[in-house]
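Visitor: I would like a quick tour of this model. Please take my questions one by one.

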Amino acid sequence: MDEVLTKILEVEQQGDDQLKKAARELQVIKRRYIVEAFEEAKRKREQLIKEARRRAEEIVQKAREEARRIQEEGLKQVEVEVQQLRKRFEEIRDEAIMLIVKELLSI
Amino acid sequence: MSEDRILEYVKKWYENQRAKQEEDAKRAAENEARIRTQRIIAEAEQEATHIIEEAQREAKRLIRTAQAEVAKTRSYRLLEEKGAFCKQVIDAALQHIAKLAEARDRNYVHFLERSIAQAAIELGGGHLVLYLNERDHGIHIELSKISEEVSKITKTETKIAKGRKTIDTVGGFVLKRADGSGDADYRLESLVEARREEIYRKILELTRRK
């Protein structure tokens with residue numbers, strides 16, 4: 001009976017030792033796993049930021065082009081308005097001169 | 001229970017424990033990794049959103065600036081054109097008046113007479129000296145008649161006389177009290193200056209009306 005008990009105790013001791021050893025190994029594996037996941041997350045993070053920066057640059061670049069277009073078209077439009085105004089001034093020039101002559105002499 | 005079966009049972013129990021231990025460790029590692037990863041990704045997404053929003057703000061600012069610059073240029077250019085035109089009109093009107101004066105046109109002479117009376121009333125009558133340019137100096141103006149009218153209105157004996165000196169002006173005159181205590185500037189340039197805004201407005205109204 002003692003012999004059987006001794007054997008069982010031996011098996012238990014071995015089992016406990018193995019469990020402890022396995023726990024230490026698992027702890028190492030766990031840390032490695034977490035570090036790997038962390039590295040992977042960092043890579044994803046960098047990718048996300050890189051992509052965001054690329055998109056941001058694209059947005060600003062498009063806006064710059066749009067701003068340039070607005071300025072070019074706007075200035076063209078202003079010149080058209082100026083020409084129209086000049087034409088209009090030519091049409092009323094004589095009348096305006098006479099109006100001012102009358103205004104000044106009517107004091 | 002036989003010895004072998006007991007030992008087998010104990011071994012099996014330890015195997016199960018190890019399997020459970022592995023499973024638990026795996027689950028714990030996965031959980032911890034997931035939490036850390038999620039936090040990093042969430043922060044990265046937040047940062048990425050911030051970068052995009054900043055770019056969108058910058059884009060809006062660029063567009064607004066361009067629009068504002070166009071509006072400013074438009075406003076400046078139109079104002080510049082209007083100002084130049086009004087100045088041209090005024091210069092041409094003064095030249096026209098100069099021609100009328102040269103021709104002793106009755107409208108110009110009437111303007112002088114009416115204005116001299118008005119200026120004399122403004123000065124309250126009395127002894128006044130009229131200064132004209134060289135061209136207008138020779139124009140016959142009924143100064144005695146004007147003096148009489150002013151005397152009646154101001155109830156002050158008035159005498160207006162032409163000054164010996166001439167002044168440099170496009171047209172119009174300067175009327176001064178003989179004692180130098182005051183004057184009325186009716187030079188056309190001064191009248192234009194005094195009424196510049198009103199004159200500009202009238203010219204530009206003409207532009208819009210037709």
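Visitor: What distance separates the centres of domain 1 of chain B and domain 2 of chain B?

Guide: This is a predicted model, where local features need pLDDT of at least 70, side-chain atom pairs count only at pLDDT 80 or more, and totals for chains, interfaces and linings use all residues. Residues are numbered from 1 along each chain as its sequence is written, and chains are lettered from A and ligands numbered from 1 in the order in which they are written. The domain assignment (automatic or from a database) splits chain B into domain 1 (1-103) and domain 2 (104-209). Taken over C-alpha atoms, the separation of their centres is 70 Å.

Visitor: How many residues does each domain of chain B give to the contact?

Guide: Two residues are in contact if their C-beta atoms, placed from the backbone, lie within 7 Å. On the domain 1 side, nine residues are nonpolar (Ala, Val, Leu, Ile, Met, Phe, Trp, Tyr, Cys, Pro), none polar (the others, Gly among them) and two charged (Asp, Glu, Lys, Arg). The contact takes 11 residues from domain 1 of chain B and 14 residues from domain 2 of chain B.

Visitor: Why is chain B described as more spread out than a compact globule?

Guide: Chain B has six helices (DSSP H or I runs of at least four residues) and four strands (E runs of at least two). Its C-alpha trace spans about 155 × 35 × 30 Å along the principal axes. The globule rule is 2.2 Å times the number of residues to the power 0.38, and the radius of gyration is taken over C-alpha atoms. For 210 residues the rule gives 17 Å, so chain B counts as more spread out, its radius of gyration being 48 Å.

Visitor: Is B:Lys155 buried or exposed?

Guide: B:Lys155 sits in the loop between α4 (143-154) and β2 (159-162) of chain B. It has a positive phi of about 55° although it is not a glycine. Buried needs 20 or more other C-beta atoms within 10 Å, exposed 12 or fewer, and partly exposed lies in between, with C-beta atoms placed from the backbone. B:Lys155 has 10 such atoms, so the class is exposed.

Visitor: Which residues of the chain A side touching chain B are in the majority: nonpolar or charged?

Guide: The contact takes 55 residues from chain A and 61 residues from chain B. The chain A side divides into four polar, 16 charged and 35 nonpolar.
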